[in-house]
Amino acid sequence: MIDELMDFDEAMERFDPVLGLEVHVELSTKTKMWCGCVNGPGEPNTHTCPVCLGLPGSLPVVNGKAVESAIRIGLSLNCEIAEWCRFARKNYFYPDMSKDYQVSQYDEPICYEGHVEIELDGETYQIPVERAHMEEDAGKLTHVGGTGRIQGSQYSLVDYNRAGVPLVEIVTKPIYGTGAKAPEVAAAYMEFLRDQMRALGVSDARMERGNLRCDANVSLMPKGSTELGTRTETKNVNSLRSVEAALRYEICRQAAVLAGGGKVKQETRMWNEEGYTTAGRSKEHAEDYRYFPEPDLVPVAASREWVEKLRSELPEPPAKRRARLQSEYGFTDLEMRDVLAIEGALDLIEETVDAGADPASSRKWWVSELARRANEAGRPLDEVGMNPTQVAELQKLVDEGTLTDKLARQVIDGVVAGEGDPSEVVKARGLAVVSDDGALSAAVDEAIAANPETAEAIRGGRVKAAGALIGAVMKAMRGQADAGKVRELILNKLS
């Protein structure tokens, strides 16, 4: 049932929102957190072993690459890196973890006390980061029957391939002072983390695939109050738009509850993509999980030399990189906005430029033609079926005069269909521009003979009329004629 809501503007006049964001980053290591099982897609329950299933007698070993990734993430968030930290068991009974506990970090995280700055509409918001700690993911439940949710389902299936996949959870401190911009600030922060994780190379950060997901907490304080209200936590929100929409809904819902004299219940809530949240379960406290040190894992003690080496290798921050590339490529603010609106486009454009194409052509192909095809196919841009090297090769063929833009689009059809690289498609489909003077001259003669009135107008000085004859020649030659040579031949014959 959809709850009663207060108008958002009215809610902002009466209450101040306080945010708390818990973001899970799925690391792109080759193997899982405690064992040698593959970290990646596969048939259900095929990437499992006694360790990630928690079978008696099995012993975990920490994934060193995951520790390195966690440190790199912490450094990029301006965190302190612990000289010594350890893991803990977080106990709960639920079928997505067959051992009935999750190995995480509790009071001794590897990264703590950080902050990042987010720019939104010309204003800067500081996001205080409390901690970034290492843990493992749970298995994946599929609820069969009903709506696909646990409520009303007939039974549930569990896939333990994801159990034990390394995660870093980034937890903010309470975020004050965002006002009516709170939902947008949260989405901007998620966008920042997505770009940062990709720049670091620690995660694919695909929200739609669950590589990056947000538990969005929010509470309301009456205007003038300094006492935190009761919070709710909307679990596993997996898109920028949904983070903003879920928080906006929760603010309006909580405001209506408080204005009606009720009390907000501390609970987890689930986001429905139709635009509302629903109650989940009551929110546990730390003591409910009965944390205690993990006895099967030794503490992690990162040397200061290693930490400083990792700090020196951090990549250029995404915001700084965007500004640099815009300047180097000469993109206008509007052009850059269009590029950034398409996830992954800037990376692909940069790779295409590095492969030899000019920035303007690279932007043209990725932002228009290839983005349209990706959208129609419902795929990410980097899975459209064409890579930066092929786009650079396509543009080279255009620059050399082998292809026109129109023919190039037909070549893209072939590449996307798996027919090979652009030059192979041109050869197989016979798409090269015809520049042979003899063939062009014959086609021009036919066009002149078929359009005597147009030809007479050109003889009389109406040069613009040549466009009609050029079009006729291009049609006759299936768009493969060199338009410049065709125009030159027409004017020479009719001068």
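The exchange below takes up some features of a predicted model and the rules behind their names.

Author: This is a predicted model, in which local features need pLDDT of at least 70 and side-chain atom pairs count only at pLDDT 80 or more, while totals for chains, interfaces and linings use all residues. Residues are numbered from 1 along each chain as its sequence is written, and side-chain values use heavy atoms, with hydrogens and water left out.

Reader: Why are Trp 34 and Phe 87 called an aromatic pair that is edge-to-face?

Author: Rings of Phe, Tyr and Trp (its six-membered ring) pair if their centres lie within 6.5 Å, and planes under 30 degrees apart count as stacked, over 60 as edge-to-face and the rest as tilted. For Trp 34 and Phe 87 the centres are 5.1 Å apart and the planes stand at 90°, so both conditions of the rule are met. By this rule the count comes to three aromatic pairs.

Reader: What makes this pair a tie between parts of the chain?

Author: Trp 34 lies in the loop between strand 1 (15-26) and helix 2 (64-76), whereas Phe 87 lies in the loop between strand 2 (80-81) and strand 3 (88-91), so the pair ties together parts that are 53 residues apart in sequence.

Reader: How do you know that a charge sits over the ring of Phe 331?

Author: The rule asks that NZ of Lys or CZ of Arg be within 6 Å of the ring centre and within 35 degrees of the ring normal. The charged end of Arg 363 sits over the ring of Phe 331 at 5.6 Å from its centre, and Arg 248 lies over the face of Phe 8, at 4.3 Å from the ring centre.

Methods. Helices (H or I, at least four residues) and strands (E, at least two) are DSSP runs, numbered from the N terminus.
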